[in-house]
Amino acid sequence: MKQAISRTATLAFGLLLFVSLLPAVASAQQTTTEQAPTTYTRPTVMTRPAPANPAQPNAAPIAPDIAPPVYETRTQGVLVETIDGQKVMEQAADVTFNPASAVKLATALNALHNFGPSHRFSTGVWTNGTLDPATGVLTGDLIISGRDPSLHYEHAIQMAHELNELGIRTVTGDLIVAPRFTMNFDWSAQRSGDAFYDTLDTTRRPAAAVRAWNEERAVFADYAAYPTVPSVAVMGAVYVNSVPEGARLLIDHRSSKLVDILKVLLCYSNNFMAERIGDNLGGAVGVEQFIQQTLDLQPSEVKLASTSGLGVNRVTPRAMMKILRALRDELAKNRLTFSDIMPVAGIDPGTLEKRYGASRGRGSIVAKTGTLVRTDGGASALVGQMRVASGETLLFVIFNMRGNVMRFREAQDQIVAQIQNARGGPAPFSYRPLTLSMRLADTQLKASPTGKDEYEPGTN
């Protein structure tokens with residue numbers, strides 16, 4: 001009997017204890033659920049717990065790695081104005097962008113201001129030897145100097161022709177080219193010298209040189225002026241060196257006019273030619289200083305790393321508009337227009353030929369493009385002038401950065417079309433295209449000038 005009472009008391013006590021603990025268990029379960037809720041979101045670097053330092057287990061935890069700060073990026077800057085300066089459209093006009101090859105407009109402005117549109121680059125052909133007129137043998141070296149950015153195969157053959165006219169057909173010595181001499185858009189003076197060496201001699205002349213020569217003769221239809229194939233054989237090797245003291249100038253070969261070189265340069269956006277012209281202007285620093293001082297621009301508005309647009313350059317749309325207007329004024333001083341140096345969309349070969357070839361805007365846009373696929377996450381530019389049915393001419397600057405360049409171009413074309421359509425639609429400029437090969441073929445060959453030579457021996 002006593003055992004039964006004892007079991008009953010024990011069972012009752014156990015039940016009483018279980019009931020008394022139920023709230024605490026429920027509270028503990030609820031607290032656990034609130035502290036660690038179920039989630040399917042992966043912790044970020046900002047929210048994940050700070051890891052312990054494995055090298056020092058008892059040390060304080062290492063601070064969590066911090067995500068890079070989020071900064072505002074602008075993908076588009078636009079400024080459109082009438083000729084008299086009335087604003088038509090503006091977006092981020094005082095924010096710097098990478099203008100890419102639109103930098104070439106600043107280089108062109110500086111070159112036209114310093115040299116003038118009729119300037120011709122000189123290539124000198126010198127010798128330190130003597131000629132035997134009876135045999136056509138020049139005993140000595142042939143030396144080439146100059147910094148013509150447009151020198152090509154056909155020009156070397158022209159110089160061979162002029163040497164033949166002087167009675168020279170064989171050179172016993174070496175071909176020496178100046179350290180800054182270049183040909184066929186090749187930065188290497190040695191490779192340029194090798195190409196010049198082979199092009200002079202008809203037995204070594206490359207097929208590409210023959211084609212270039214024949215194409216030029218077809219353009220000018222002047223085969224009768226060259227009864228024999230020009231050729232000069234140099235027996236020695238090719239070296240890079242300065243013009244030696246006492247050398248005598250045989251030929252002063254002049255390039256096409258600067259205005260024609262700029263037309264080719266800007267139509268095809270030739271980086272080599274832009275950098276070579278820039279070399280004569282003090283490089284990127286020289287062009288930058290000229291732009292800042294001439295147009296009263298601050299360093300925060302224009303910062304150039306190259307004269308071609310390669311690399312990280314910075315220009316605001318408003319500063320580029322000033323450059324564009326200054327270039328227009330510089331051309332006007334010489335009775336020239338943008339179409340004399342920049343591509344006319346859909347008509348001139350190069351960067352704008354196919355882009356507007358089949359559009360209503362064909363012939364109504366004269367502009368410089370700019371494209372960098374990787375630099376600054378992708379950069380694109382379109383800078384120039386447009387004409388509308390009302391007869392108005394509008395100047396525009398469109399910069400894009402950090403994005404897909406193809407989409408940038410589409411957006412640029414939409415902006416231009418939108419503005420033109422709002423003014424009655426596009427209207428073509430009055431323009432008579434000139435074959436670009438004729439522009440670069442328009443070279444001059446002069447006999448040795450009287451008086452002081454333009455080239456100073458020993459200083460190249």
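**Why the names fit: contacts and burial**

User: What makes Arg217 and Asp222 a salt bridge?

Analyst: The closest N and O atoms of Arg217 and Asp222 are 2.6 Å apart, and the term asks for a side-chain nitrogen of Lys or Arg within 4 Å of a carboxyl oxygen of Asp or Glu, so the pair qualifies. Both of these residues are buried, a word that means under 20% relative accessible area, while exposed means over 50% and partly exposed lies in between (1.4 Å probe, protein chains only). The model is predicted, so local features need pLDDT of at least 70 and side-chain atom pairs count only at pLDDT 80 or more, whereas totals for chains, interfaces and linings use all residues. Residues are numbered from 1 along each chain as its sequence is written, and side-chain values use heavy atoms, with hydrogens and water left out.

User: Over the face of which ring does Arg217 lie, and how do you know that it counts?

Analyst: Arg217 lies over the face of Trp213, at 4.3 Å from the ring centre; the rule wants NZ of Lys or CZ of Arg within 6 Å of the centre and within 35 degrees of the ring normal.

User: What makes Asp376 and Arg314 a salt bridge, and where are the two residues?

Analyst: Their closest N and O atoms are 2.8 Å apart, which satisfies the distance rule. Asp376 is in the loop between strand S14 (365-372) and strand S15 (379-387) and Arg314 is in strand S13 (residues 314-315), so that the pair links distant parts of the chain, 62 residues apart. Strands here are DSSP E runs of at least two residues and helices are H or I runs of at least four, numbered from the N terminus.

User: Why is Asp376 called buried or exposed, and which word suits Arg204?

Analyst: Asp376 has 18% relative accessibility and therefore counts as buried. Arg204, with a relative accessible area of 44%, is partly exposed; this residue forms a salt bridge with Asp198, the closest N and O atoms being 2.8 Å apart. The whole structure holds 17 salt bridges, and Lys87, Glu90, Asp94 and Arg318 are linked in a network of them.

User: How many aromatic pairs are there, and why is the pair of Phe181 and Phe196 called edge-to-face?

Analyst: The count comes to six aromatic pairs. In the pair of Phe181 and Phe196 the ring centres are 5.8 Å apart and the planes meet at 90°. Rings of Phe, Tyr and Trp (its six-membered ring) pair if their centres lie within 6.5 Å, and planes under 30 degrees apart count as stacked, over 60 as edge-to-face and the rest as tilted, so edge-to-face is the right word here. Phe181 lies in the loop between strand S8 (175-177) and helix H4 (189-200), with Phe196 in helix H4, so the pair ties together parts that are 15 residues apart in sequence. Trp187 and Phe272 are edge-to-face too, at 4.8 Å centre to centre and 65° between the planes.

User: How do you know whether helix H3 (residues 153-165) has the span expected of its residues?

Analyst: The expected span is 1.5 Å times one less than the number of residues, so the 13 residues of H3 should span 18 Å, and the end C-alpha atoms are 19 Å apart, which agrees. H3 is mostly covered, with 11 of its 13 residues buried, including Tyr153 and Leu163.
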